[in-house]
Amino acid sequence: MKNKTTYTCLAFFAALLMIYGCASSKVAKNSPVGSWDYTVRSTPNGDVSGTLNIEKDGDEYTGNLTSNAGTIDLNNVTIEDNKLSSSFNYQGTPLQLTGTFSGDDFTGSVDAGSDSFPVEATRGSGQ
């Protein structure tokens with residue numbers, strides 16, 4: 001009888017670990033943290049593609065954009081209710097990046113004064 005009780009307890013704890021693992025992976029997948037393959041459409045230089053990288057340290061978010069033009073740090077990164085707001089400078093021009101994360105997708109815009117360019121991104125492979 002002791003072996004049956006031991007096996008029942010082990011099975012129960014294994015089931016709890018599996019449930020916890022599934023819940024944890026779902027939270028991580030819905031997190032904006034990670035690498036996102038982006039495309040900014042219809043800029044004066046045509047479509048621009050690269051990687052949007054988002055990191056979190058405590059309550060603070062940081063990030064950068066990489067493309068064939070190099071790496072540009074994002075400033076004042078805020079993410080609330082899956083909505084991103086940040087600023088950056090490209091060749092001396094101040095720009096604003098805003099948008100919404102939804103699962104493995106991001107949609108938004110890069111605003112440069114009176115001009116606005118749509119942005120689409122998907123979570124990078126391997127995440």
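What is the mean pLDDT of the protein chain, and what percentage of its residues reach 70 or more?

**View 1. Confidence along the protein chain of the predicted model.** The mean pLDDT of the protein chain is 82, and 76% of its residues reach 70 or more. Over residues 5-27, the pLDDT falls below 50. Beyond near neighbours in sequence, the stretch 5-27 has zero contacts in the model.

**View 2. The open sheet of nine strands.** Antiparallel pairing joins the strands in the order β4-β3-β2-β1-β9-β8-β7-β6-β5. The edges are occupied by β4 (70-73) and β5 (75-80). Each of these two strands has a single partner strand, so one side of each is left without a neighbour in the sheet. On average, and with direction ignored, neighbouring strands of this sheet are turned by 25 degrees against each other. In a regular strand, side chains alternate between the two faces of the sheet.

**View 3. The pairing of β3 with the edge strand β4.** Strand β3, which spans residues 60-67, pairs with β4 in the antiparallel sense. Four bridges connect β3 and β4, and D73 in β4 stands opposite N64. The two strands form a hairpin, with two residues between them.

**View 4. The pairing of β8 with β9.** Strand β8 comprises residues 105-112 and strand β9 residues 115-123. Their antiparallel pairing extends over eight bridges. For F106, the bridge partner in β9 is A121. Within the sheet order, β9 stands between β1 and β8, while β8 stands between β9 and β7.

Note on methods: Residues are numbered from 1 along each chain as its sequence is written. This is a predicted model: local features need pLDDT of at least 70, side-chain atom pairs count only at pLDDT 80 or more; totals for chains, interfaces and linings use all residues. Side-chain values use heavy atoms; hydrogens and water are left out. Two strands pair if DSSP finds at least two bridges between them. Axes are lines fitted to C-alpha atoms, for helices over the stretch in contact, and angles run from 0 to 180 degrees between N-to-C directions. pLDDT is the predictor's confidence in each residue, from 0 to 100. Contact means heavy atoms within 4.5 Å.
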